[in-house]
Amino acid sequence: MTEHDSEEVEYRIARLRERLAGDEVAELGVRIELRGDTVLLTGALPTAGRREEILRLAREELAGLVVRTDLTTPSADAPDHVERLP
């Protein structure tokens with residue numbers, strides 16, 4: 001990636017951050033990093049629907065770039081085993 005390309009990618013990442021922080025989404029729990037030629041999105045989100053919204057916005061803003069995500073949502077399911085404490 002050239003310096004010019006890198007500047008464009010950083011600009012697109014900044015636009016995505018602005019959209020995530022804006023009134024439409026208001027999601028500040030997502031971290032966006034440029035790692036080499038890949039953009040990495042990480043964070044914990046309140047719902048699967050919110051995760052899908054974040055992914056949609058990322059696809060719009062970062063089209064054509066390699067994007068990896070590690071966006072988690074909490075599970076409301078009951079534990080499947082007993083926790084044993086020492």
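Colleague: How much area does the protein expose, and what share of it do carbon and sulfur atoms supply?
Modeller: About 6,100 Å² is exposed, and carbon and sulfur atoms supply 49% of it. Accessible areas come from the Shrake-Rupley method with a 1.4 Å probe, and for residues only the protein chains shown count as cover. This is a predicted model, in which local features need pLDDT of at least 70, side-chain atom pairs count only at pLDDT 80 or more, and totals for chains, interfaces and linings use all residues. Residues are numbered from 1 along each chain as its sequence is written, and side-chain values use heavy atoms, leaving out hydrogens and water.

Colleague: How does the radius of gyration of the protein compare with that of a compact globule of 86 residues?
Modeller: The protein has 16 Å, whereas a compact globule of 86 residues would have a value near 12 Å. The radius is taken over C-alpha atoms, and the globule rule is 2.2 Å times the number of residues to the power 0.38. Along the principal axes, the C-alpha atoms fill a box of roughly 55 × 30 × 20 Å.

Colleague: What pattern does the protein follow along the sequence?
Modeller: The pattern is α-β-β-α-β, with two helices and three strands. Helices (H or I, at least four residues) and strands (E, at least two) are DSSP runs, numbered from the N terminus.

Colleague: Why is Arg12 called buried or exposed, whichever applies?
Modeller: Arg12 has 13% relative accessibility and therefore counts as buried. Buried means under 20% relative accessible area, exposed over 50%, and partly exposed in between (1.4 Å probe, protein chains only). Arg12 lies in helix α1. Leaving out residues up to four places away in sequence, Arg12 touches Glu61, Leu62, Ala63 and Leu65; contact means heavy atoms within 4.5 Å.

Colleague: What class does Arg17 fall into, and on what value?
Modeller: Arg17 is at 39% relative accessibility, so Arg17 counts as partly exposed. Arg17 also belongs to helix α1 (residues 3–21). Beyond four places in sequence, Arg17 touches Ile32 and Glu33.

Colleague: Which residues have the most contacts inside the largest nonpolar core?
Modeller: They are Leu20, Val30, Ile32, Leu41 and Ile54, in a core of 16 residues. The elements giving two or more residues to this core are α1, β1 (30–35), β2 (38–44) and α2 (48–61). A nonpolar core is a set of buried Ala, Val, Leu, Ile, Met, Phe, Trp, Tyr and Cys residues joined through side-chain atoms within 4.5 Å. Outside its four-place neighbourhood, Ile32 is in contact with residues including Ile13, Leu16, Leu20 and Leu41.

Colleague: What makes Arg19 and Glu60 a salt bridge?
Modeller: Their closest N and O atoms are 2.9 Å apart. A salt bridge is a side-chain nitrogen of Lys or Arg within 4 Å of a carboxyl oxygen of Asp or Glu, so the pair qualifies. Arg19 lies in helix α1 and Glu60 in helix α2, so the pair ties together parts 41 residues apart in sequence. Arg19, at 25% relative accessibility, counts as partly exposed, and Glu60, at 43%, counts as partly exposed too.

Colleague: How many salt bridges does the structure hold?
Modeller: The structure holds nine. One of them joins Arg51 and Glu52, at 3.6 Å from N to O. Salt bridges that share partners join Arg15, Arg19, Glu53, Arg56, Glu60 and Glu61 into one network. Another salt bridge pairs Arg31 with Glu33, whose closest N and O atoms are 3.3 Å apart. Arg31, at 53% relative accessibility, counts as exposed.
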